[in-house]
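Student: Could you take me through one part of this model up close? I'd like a single connected walk rather than a list.

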Amino acid sequence: MKQLYSTFIIDDDPIFVLLFKKIIEKSERFNRVQNFPDGQYAIEELIKMSNQGSGMPDIIFLDLNMPNIDGWQFLDAIEKHSFIAQLNIYIVSSSIDTHEIERAKQYKCVKNFISKPISLDFFEEYDLWN
């Protein structure tokens, strides 16, 4: 079972983030988890990490509907940076709109579209690192 050193959760819903972090802890696959309530803060952190030459997060869980910079704007903004090739992004959304799922496939860094809610069973059944 592969351990993931650095994980970002980009989501503005504090209840979802709290529950998701508890699920992540129980899965015992994630070492360091950072939460960003807005896409802008995550973009700034990724740019900082890239400029410092530090490693990018192993995985990013991205919500689509957030204030200020939403998930789509986040994806559009990071496509301009060279570190985009190092990112593995999983969209985590309560949306089941097939248009959004198809739109997500247009971004090479997006590995999959995951519907909320997520349970511990998700990490048992789904291999995120393939």
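Tutor: Here is a walk along one strand and the pieces linked to it. This is a predicted model, where local features need pLDDT of at least 70, side-chain atom pairs count only at pLDDT 80 or more, and totals for chains, interfaces and linings use all residues. Residues are numbered from 1 along each chain as its sequence is written, and side-chain values use heavy atoms, with hydrogens and water left out.

Let's start on strand 3, residues 59-62 (helices, H or I with at least four residues, and strands, E with at least two, are DSSP runs numbered from the N terminus). I59 and F61 point one way, I60 and L62 the other, and all are buried (under 20% relative accessible area; exposed is over 50%, partly exposed in between, with a 1.4 Å probe and protein chains only). In a regular strand, side chains alternate between the two faces of the sheet.

Next door, strand 4 (residues 89-93) runs parallel to strand 3, joined by three bridges; two strands pair if DSSP finds at least two bridges between them. Across that pairing, L62 sits opposite I91 of strand 4.

Now follow the chain out of strand 3. The loop between strand 3 and helix 3 holds N68, which isn't glycine yet has a positive phi, near 65°. N68 counts as exposed because its relative accessible area is 67%. Put strand 3, helix 3 (residues 71-78) and strand 4 together and you get a right-handed β-α-β unit: with the strands pointing away from the viewer, the path from the first strand over the helix to the second runs clockwise.
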